[in-house]
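Thanks for coming, everyone. I'll walk through one model this morning, from the inside out. Please have the structure open as I talk.

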Amino acid sequence: MFYVYILQSLKDKKLYIGFSTDLRKRVHDHNTGGTRSTKPRRTFRLIYYEAHISEKDARRREGYFKTEKGKSTIRQMLRNALK
């Protein structure tokens, strides 16, 4: 499976959107500082993920979530989780 995931930093409440084939390992990497881009913003909580059979579909969805319209969709979908 191919996963698109959204993490929220407990430090600054900002979101991180990513893609992985091993979701548990990837979240662990983010939380232990194994990912350079998110190391200063640790610790994270997983607030959303989607599983896809197709890598192409998962990468397309990740790209969409990173657009302004996608971020708006995220805020609407996860409005209770983001409080």
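**Rings, cores and turns**

Start with F65: its relative accessibility is 0%, so F65 counts as buried. Keep in mind that this is a predicted model.

What sits beside F65? Y64 does, and the two rings form a tilted aromatic pair, with 6.0 Å centre to centre and 45° between the planes. Y64 has a relative accessibility of 26%, so Y64 counts as partly exposed. Bring in Y48 as well: Y48, Y64 and F65 make up one aromatic cluster.

How many aromatic pairs does a search of the whole structure find? Five. Another of them is F2 with F19. That pair is stacked, at 6.2 Å centre to centre and 10° between the planes. F2 belongs to strand 1 and F19 to strand 2, so the pair ties together parts that are 17 residues apart in sequence. F19 has a relative accessibility of 14%; the cut-off for buried is under 20%, so F19 counts as buried. There is also a charge here: R59 lies over the face of F19, at 3.8 Å from the ring centre.

Now the helix that carries F65. Which residues of helix 2 are buried? A58, E62 and F65. Look down the axis of helix 2: the buried residues fall within an arc of 65°, so they line one face of the helix. What do they pack against? Strand 1, strand 2, strand 3 and helix 3.

That takes us to the core. In soluble globular proteins, nonpolar side chains tend to be buried together. Here, the largest nonpolar core has nine residues: V4, I6, I17, F19, I47, A58, F65, I74 and L78. At least two residues of this core come from each of strand 1, strand 2 and helix 2. Apart from it lies another core, of seven residues, including Y3, Y16, V27 and F44.

Take L78 from the nine-residue core. L78 lies in the segment after helix 3, which spans 68-77. L78 has a relative accessibility of 9%, so L78 counts as buried. Which residues does L78 touch, leaving out those up to four places away in sequence? I6, I47 and Y48. So much for the neighbours. Now compare L78 with Y3, a member of the seven-residue core. L78 and Y3 are 75 residues apart in sequence, and 17 Å apart in space, C-alpha to C-alpha.

On to the strands. Strand 1 and strand 2 pair in the antiparallel sense, over six bridges. Follow Y3 across: its bridge partner in strand 2 is S20. Five of the six residues of strand 2 are buried, so strand 2 is largely enclosed by the rest of the structure.

Between these two strands is a hairpin loop. Five residues separate strand 1 and strand 2 there. K13 lies in that loop. Its phi is near 70°, a positive value in a residue other than glycine. Is K13 buried or exposed? Exposed, with a relative accessible area of 52%.

Next, helix 1, residues 23-31. Its buried residues are L23, V27, D29 and H30. They cover an arc of only 155° around the axis, which puts them on the same side of helix 1. What covers them? The cover includes strand 1, strand 2 and strand 3. V27 also belongs to the seven-residue core.

Two backbone details to finish. Just after helix 1, G33 takes a positive phi of about 85°. Further on, a cis peptide bond joins R42 and T43, with omega about 5°. T43 is found in the loop between helix 1 and strand 3.

To recap, with the model on screen. Helix 2 turns its buried residues toward strand 1, strand 2, strand 3 and helix 3, packing against them. A58 and F65 of that helix are buried, and both are listed in the nine-residue core. The seven-residue core lies apart from that one. Over to you for questions.

Definitions and conventions: Residues are numbered from 1 along each chain as its sequence is written. This is a predicted model: local features need pLDDT of at least 70, side-chain atom pairs count only at pLDDT 80 or more; totals for chains, interfaces and linings use all residues. Side-chain values use heavy atoms; hydrogens and water are left out. Buried means under 20% relative accessible area, exposed over 50%, partly exposed in between (1.4 Å probe, protein chains only). Helices (H or I, at least four residues) and strands (E, at least two) are DSSP runs, numbered from the N terminus. The arc is that of the directions from the helix axis to the C-beta atoms. Contact means heavy atoms within 4.5 Å. A nonpolar core is a set of buried Ala, Val, Leu, Ile, Met, Phe, Trp, Tyr and Cys residues joined through side-chain atoms within 4.5 Å. Two strands pair if DSSP finds at least two bridges between them. Rings of Phe, Tyr and Trp (its six-membered ring) pair if their centres lie within 6.5 Å; planes under 30 degrees apart count as stacked, over 60 as edge-to-face and the rest as tilted. A charge sits over a ring if NZ of Lys or CZ of Arg is within 6 Å of the ring centre and within 35 degrees of the ring normal.
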